[in-house]
Amino acid sequence: MAEKTACGLDCYDACSILHENGKIKGDATHPAGNGALCAVVNRYMDETERITKPRIEGKEVSMEEALAAVAEAFKADKSLLWRGSGNVGVMQEVTELFMEQIGGYLTKGSLCDGAGAAGIEEGRGINKTLPLEQIEKSEVVVVWGRNLTVTNSHLMPLLEGKKLIVIDPVRTEIAKRADIFLQVAPRTDYYIAIMLARFIFMEDSENKAWMEEFAPEFADFYDYTREHRIKAILQYIDLDLGDFGRVLNYLRDRKVVFLVGAGVQKYSTGSYTLHAIDSLAAVLGLFGREGCGVSYPGESRLGFANPFDASCKRVSKVDTEFSDFDTVLVQGGNPAASMPDSNRVIEELEGVENLIYFGLHENETSKRARIVIPAKTFYEKEDVRLSYGHQYVAPMKKIKDSAIGISEYDFTRYLFDTFCFSGLESEEYYLNAWLSQCDVHEGELVSPAYETLPYSEGFGEDGDDTFEFIEDFNDDFVNTKRFTKYRKQSQNKPKDETLWLLSPKSKKSINTQFLRSNKVQLNPVLGFKDGEKVKVSSDHGEYLFEVECSEYLRGDTALITNNTVGINYLTPSVISDEGESACYQEVKVRVERA
């Protein structure tokens with residue numbers, strides 16, 4: 001008989017998995033799955049890519065020796081836990097209870113979606129997940145900076161038979177299927193949302209009845225949209241009135257869902273972008289209505305009382321100054337490659353006396369660590385899987401025994417016992433603490449925050465607030481004065497030969513795990529050929545890549561997937577205006593033959 005578990009990899013789908021006779025397959029009966037699994041999840045069954053032995057200063061040792069060295073390292077004055085997201089099961093957080101006991105530091109902020117989440121909270125007060133059934137009931141789906149076939153493939157069946165609009169700088173696979181595709185200039189999504197809202201007001205197709213009840217400040221928002229000069233903005237965002245007219249024809253009086261990806265907010269202004277998109281949705285009255293809404297990575301822990309909530313001092317996850325600490329525990333992450341500004345990060349890591357790596361795979365961080373502790377895979381331990389893409393919760397059952405590694409709970413148990421700390425409950429207690437808070441909907445466990453129609457009663461934590469429209473936009477990276485008055489560009493102005501860097505997810509990896517590329521994708525109009533070696537540089541660093549030509553890119557962009565070796569030598573340690581988020585795409589790069 002097949003055993004049921006769930007995938008712990010960091011993606012929207014959070015697939016349910018069936019295990020039988022040593023093999024895994026997708027659970028076709030689960031509401032968030034269609035019976036298929038991605039290629040990378042199967043690699044967790046393959047031990048050839050794992051770290052199998054603990055190490056101290058490059059020498060293989062027993063697990064007992066390595067753990068003793070970890071305990072000794074934590075006797076230092078100042079310690080930090082830097083936790084990644086290769087496995088997003090809730091039990092990964094148990095180590096934070098030990099850091100609380102020793103007065104250690106944790107991180108705050110996000111390398112992924114924090115700016116967008118902050119923008120959502122500005123308008124709605126709280127970031128609720130849009131249920132899958134509302135996406136299924138929609139008539140029109142706007143895929144905005146979200147490459148579904150790579151990051152959210154199990155959502156594809158829900159789009160069948162719907163009108164599809166795609167807004168993206170790249171002609172992705174989903175864009176090829178679209179009824180309307182806007183191949184927009186990078187970093188212009190805020191302006192697109194504001195212009196759409198303005199045109200809706202101008203043609204009197206706003207949902208005034210909904211706004212009078214739930215968003216009464218709409219007149220002020222209309223005035224705000226009028227501050228944006230149409231002609232200059234259309235020129236900047238590389239669209240025309242016809243493009244907007246075609247989109248508006250699909251948005252009027254329809255059940256519309258926006259599926260928004262993290263790519264639109266990888267900038268200092270990321271919070272403004274999501275707030276502007278939400279404001280557009282509010283003008284259309286899309287919140288709290290069947291078949292309508294805005295889907296963005298939700299707060300998976302919303303509604304839960306977190307038993308791992310630790311009271312610790314925190315430092316930014318985006319620009320952590322590792323050398324400030326005597327001991328740094330990197331758990332399930334690879335900051336040497338995944339954090340922006342690799343030159344700075346590597347220098348900081350090399351200044352740490354006791355760098356401990358606790359994870360599955362060899363990477364740029366493990367190779368620099370003084371102590372290496374191999375972890376268990378999510379197949380080899382008990383856990384609970386929440387999702388930021390849907391409302392379902394799944395127990396992650398142990399389906400495999402292995403002599404390799406140690407679980408996060410057993411690691412923490414060892415440290416509590418060694419330091420003679422009390423208060424750590426049993427593993428079963430913590431698993432039940434999460435699962436017992438869940439509700440049941442149509443036979444499936446769901447988050448306690450699940451609502452069939454989020455925001456149907458109102459906004460804020462208690463549902464008694466109104467929607468707050470965006471009312472300002474501050475952008476120091478781009479000279480926004482160009483939008484106050486239209487001015488024709490000088491014909492003598494030097495051509496800008498820098499390219500916007502795009503850093504989307506890769507189909508063959510999760511963050512920096514598994515198959516990693518060495519490619520930079522460029523439009524052939526730039527004059528480069530497939531296979532050429534090029535130096536890509538920015539104000540922050542440089543790295544050598546191999547060219548892969550793609551006509552699906554704009555000529556003003558360079559695409560390097562976020563798993564590619566060397567990409568973060570190019571990216572800045574910039575923190576978003578709101579949300580403490582990394583701004584990987586807040587950079588323009590130069591490409592030259594090596």
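This report walks through two sheets, some helices, a few single residues and the cavities of a predicted model.

## The three-strand sheet at the start

Let's begin with an open sheet of three strands, ordered E1-E2-E3 and paired in the antiparallel sense. Its edge strands are E1 (3–6) and E3, each of which pairs on one side only. From one strand to the next, the twist averages 35°.

How are these strands held in register? E1 and E2 pair antiparallel over four bridges, and Glu-3 sits opposite His-19 in E2. On the other side, strand E2 (residues 16–20) is joined to E3 by four bridges, again antiparallel. One partnership here links Glu-20 with Lys-23 of E3. The hairpin that E2 and E3 make has two residues between the strands, and Asn-21 takes a positive phi near 55° there.

Strand E3 (residues 23–26) also shows two faces: Ile-24 and Gly-26 are on the covered one, while Lys-23 and Lys-25 are on the uncovered one. As a bit of background, side chains in a regular strand alternate between the two faces of the sheet.

## The five-strand parallel sheet

Further along there's an open sheet of five strands, this time with parallel pairing, in the order E10-E9-E8-E11-E12. Strand E10 (180–182) and strand E12 (293–295) are at the edges with a single partner strand each, so one side of each has no neighbour in the sheet. Ignoring direction, neighbouring strands are turned by 15° against each other on average.

Take a look at one edge: strand E11 (residues 256–260) pairs with E12 in the parallel sense over three bridges. Within that pair, Leu-259 has Ser-295 of E12 as its bridge partner.

Helices lie against this sheet too. Helix H12 (residues 241–251) packs on the sheet and touches E8, E9, E10 and E11, its direction making about 135° with that of E10. Helix H8 (residues 189–202) lies across strand E8 (140–144) and strand E9 (163–167), and runs at about 150° to E8.

Tyr-191 is a residue to pick out in helix H8. Is Tyr-191 buried or exposed? With a relative accessibility of 3%, Tyr-191 counts as buried, because buried means under 20%. Its C-alpha atom is 9.6 Å from that of Thr-225, which is 34 residues away in sequence.

## Around helix H2 and Val-372

Helix H2 (residues 63–73) has a set of buried residues: Met-63, Ala-66, Leu-67, Ala-69, Val-70, Ala-71 and Ala-73. What covers the buried residues of H2? The cover includes strand E4 (55–56), strand E14 (327–331), strand E15 (354–359), E16 and helix H16 (408–418).

Strand E16 (residues 371–374) is where you'll find Val-372. This residue is buried, with a relative accessible area of 1%. Leaving out residues up to four places away in sequence, Val-372 touches Ile-51, Pro-54, Arg-55, Tyr-357 and Ser-366. The Arg-55 contact spans a long stretch of chain: Val-372 and Arg-55 are 317 residues apart along it, yet their C-alpha atoms are separated by 5.0 Å.

## An exposed loop residue

For a contrast, look at Asp-476, in the loop between strand E20 (444–446) and strand E21 (499–502). Asp-476 has 82% relative accessibility, so it counts as exposed, which means over 50%. From C-alpha to C-alpha, Asp-476 and Ala-118 are 19 Å apart in space, with their positions 358 residues apart in sequence.

## Cavities inside the model

How many cavities of 30 Å³ or more does a search of the whole structure find? There are four. The largest cavity holds about 170 Å³ of space. Its lining is made up of 19 residues, and those nearest its centre are Thr-129, Gln-391, Ser-447, Ala-449 and Tyr-450. By type, that lining splits into nine nonpolar, seven polar and three charged residues.

The second largest cavity has a volume of about 70 Å³. It is lined by 13 residues, with Leu-130, Cys-292, Gly-293, Pro-454 and Tyr-455 closest to its centre. The lining of this second largest cavity has seven nonpolar, three polar and three charged residues.

How values were computed
Residues are numbered from 1 along each chain as its sequence is written. This is a predicted model: local features need pLDDT of at least 70, side-chain atom pairs count only at pLDDT 80 or more; totals for chains, interfaces and linings use all residues. Side-chain values use heavy atoms; hydrogens and water are left out. On a 1 Å grid over the protein atoms alone, a cavity is a set of points where a 1.4 Å probe fits but cannot get out, and a pocket is an open set with protein on both sides within 12 Å along at least five of seven lines; lining residues have an atom within 4 Å of a point. Grid points are joined across faces, edges and corners, and a volume is the space filled by probe spheres set on the points. Ala, Val, Leu, Ile, Met, Phe, Trp, Tyr, Cys and Pro count as nonpolar, Asp, Glu, Lys and Arg as charged, and the others, Gly among them, as polar. Two strands pair if DSSP finds at least two bridges between them. Axes are lines fitted to C-alpha atoms, for helices over the stretch in contact, and angles run from 0 to 180 degrees between N-to-C directions. Contact means heavy atoms within 4.5 Å. Buried means under 20% relative accessible area, exposed over 50%, partly exposed in between (1.4 Å probe, protein chains only).
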